[in-house]
Amino acid sequence: MDAASPQGFLVHHGRAGVKEADADFAVIASEVPAAASAVFTRSRFAGPSVLLSREAVADRIARGVVVVSGNANVATGADGRQDAEELRRRVADLIEADENDLLIASTGLIGRRYPMPSLRTHVASVRWPFPGADFDAAATAIMTTDTHPKIRRARCGDATLVGIAKGVGMMEPDMATLLTFFCTDAHVGPVVLDDVFRRVMDRTFNALSIDTDTSTSDTAAVFANGIAGPVDLVEFERALGGVALELVKDIARDGEGATKLIEAHVTGARDRAQAKRVAKAVVNSPLVKTAVHGADPNWGRVAMAVGKCQDDLDIVPERVTIRFGTQEVYPAGPEPEKLERVGEYLKSDEVTLHVDLGVTAHSTGEFTAYGCDLTEGYVRLNADYAT
C-alpha cells in the first residue's frame, strides 16, 4: 500500500481498448463499504453513467467507482444504458460488491456506444484484490484532453485524503463538474459527509468555469471508509476543501489552450449569490478572457461583464471598484502609467480581477470564481475534437 494513499483502497488502471494507445480504464475500490456522497450534472442529456450513479449513491454507501475515458456513452439510447449496466455489473462481480454499491463514470465523445467486446475482455483479465493503490496512475487513466494528471493529497489527524480529477473543457459546473473523486480512510458519517461535500463542491468546483459549457457526464464523488478512525470534522472539511481547491486551480491552469489562471474575486455584494453571479459573468466573458490572454489592460471589459447582470438593480456604477491585482483601475481613471503597470501584471501566469460592488456600506457577500484565458489553442483543439 502506498504510504500516501488512504488505507483500504485499491486501484486498477489500464488500457481497455477505448482509446488507441493511452490508458482509458480505472477502478477505485474500497475493501469495505464506505460512506459516500456525490453530485452530478443536471444536463437534460445526462448519460447512463450519471443516472446509474445517482441511484447507487442514494443510500450514501458505496464501494467505489469504475471510470471509462474516451467514450461518454451519452445519447446512445436503451442500448447504451444496457452497456453501462453490464460493465458496472462485471466490475462489481470482480471486486465482490453489489452492483448497486458501485458508481460508474464516463468521459469523452458523445453519441458512441462503449466498445463492449474490448471492455469485457479487459475486465475478465483483471484479478481481485488489485495489487496496490496507484492513484497517480488512476489520475492518468481518466484523462481525455488534459495535458497532465491532476492529483492532490492531504492529512487530517491519522487519516489520509487523496483527490484526482480530469477535465479541461466543456466546463461550466451545475451541481458538479468534470470527473473528480476523493478517497479517505477517515471515519465520517454518511449524513455529515454529504453535508460537508456539498459545501466544499459549492465553493470550489462550482466556482470553476472554462468555457460556459456544461458536460453531460459531470460526476464528483467522495468515499470515506473509516479505517483510520474518527477525525475532527472542522479539520476534515478544511482538508477536503484545500484538496478540492488545488484541483480546481490545476484544472483552470490546464484549460484547453490556456496559458493563464484567472481568479475573479467579488466583494461588497448584497449576498453570496449575487457575488457568484458577478464573478461568473467576469470569468466567463470571452472579451475578458482574450484581454487577459493578450495582456491588454482594457479594464472596460470587466466593467462590461459586471454590467451584464442587469437584473441586479442595486449594482450602481458609482459604488463599484475594479482592481487588476492590487492596482485600482475604476473609478480611479486610466492614467497611462497605471495602464502600463496593469499590462505588465497581465503578463503573469495567474491574474486576479477584483470587483467590489459596494452595494451598501455593510454588504459582505463575496465569491471567487476560477477560469482561464481564451486562446487560439482552444479553438483549434475543439474544431478538431472528433476528427
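How many Å separate the centres of domain 1 and domain 2? I looked that up before anything else, and the C-alpha centres come out 32 Å apart. Note to self: this is a predicted model.

**Entry 1: the two domains**

I took the bounds from the domain assignment, which gives domain 1 as 9-254 and domain 2 as 261-384. Then I checked how they meet. On the domain 1 side 17 residues are in contact, and they touch 17 residues of domain 2. I also wanted an area, since the size of an interface is often given as the accessible area lost when the parts come together. Here domain 1 and domain 2 bury about 1400 Å² between them, with 51% of that on carbon and sulfur atoms.

Next I went for the charged pairs. I get four salt bridges between domain 1 and domain 2. I also pulled up lysine 249 and glutamate 263, whose side chains meet in a salt bridge at 3.7 Å, N to O. For polar contacts across the interface of domain 1 and domain 2, I have six residue pairs. Which elements give two or more residues to the domain 1 side? They are helix H5 (190-203) and helix H6 (233-253). H6 supplies the largest share of that side, five residues. By type, I split the domain 1 side into seven nonpolar, four polar and six charged residues.

**Entry 2: salt bridges**

The count for salt bridges comes to 26. I picked a few to look at.

Arginine 81 pairs with glutamate 85, with the closest N and O atoms 2.9 Å apart. The two are separated by about one helical turn, because they sit four residues apart in helix H2 (residues 77-94). I have arginine 81 as partly exposed at 25% relative accessibility, and glutamate 85 as partly exposed at 26%.

Back in H6, glutamate 235 forms a salt bridge with arginine 238 at 2.4 Å between the closest N and O atoms. Both lie in that helix, three residues apart, about one turn. Glutamate 235 is partly exposed at 39%.

Arginine 270 and aspartate 312 were next: a salt bridge with closest N and O atoms 3.5 Å apart. This pair links distant parts of the chain, 42 residues apart. Arginine 270 is in the loop between strand S9 (261-269) and helix H7 (272-284), and aspartate 312 is in the loop between helix H9 (300-307) and strand S10 (321-324). Is aspartate 312 buried or exposed? I find aspartate 312 buried, at 7% relative accessible area, while arginine 270 is partly exposed at 41%.

I also noted a network of salt bridges that links Arg152, Glu246, Asp250, Arg253 and Glu350.

**Entry 3: two buried spots**

Histidine 12 is in strand S1 (residues 9-14). Its relative accessible area is 13%, so I call it buried, the limit being under 20%. Its side chain makes a polar contact of 2.8 Å with the side chain of histidine 122. Leaving out residues up to four places away in sequence, histidine 12 touches Phe25, Ala26, Val27, His122, Val126 and Phe130.

Alanine 38 is in strand S2 (residues 25-40). At 6% relative accessible area, alanine 38 is buried. Which residues is alanine 38 in contact with, leaving aside neighbours within four places in sequence? I listed Val57, Leu103, Phe197, Arg198, Ala220 and Ala221. I also checked alanine 38 against phenylalanine 223: they are 185 residues apart along the chain, but their C-alpha atoms are separated by 9.0 Å.

How values were computed. Residues numbered from 1 in each chain as written. Predicted model: local features only at pLDDT ≥ 70, side-chain atom pairs only at ≥ 80, totals over all residues. Heavy atoms only, no water. Buried < 20%, exposed > 50% of the residue type's maximum accessible area, 1.4 Å probe, protein only. Polar contact = N/O pair within 3.5 Å; in protein donor to acceptor, adjacent residues only side chain to side chain. Contact = heavy atoms within 4.5 Å. Domains from an automatic or database assignment. Buried area = accessible area lost by both parts, 1.4 Å probe. Nonpolar A, V, L, I, M, F, W, Y, C, P; charged D, E, K, R; others polar.
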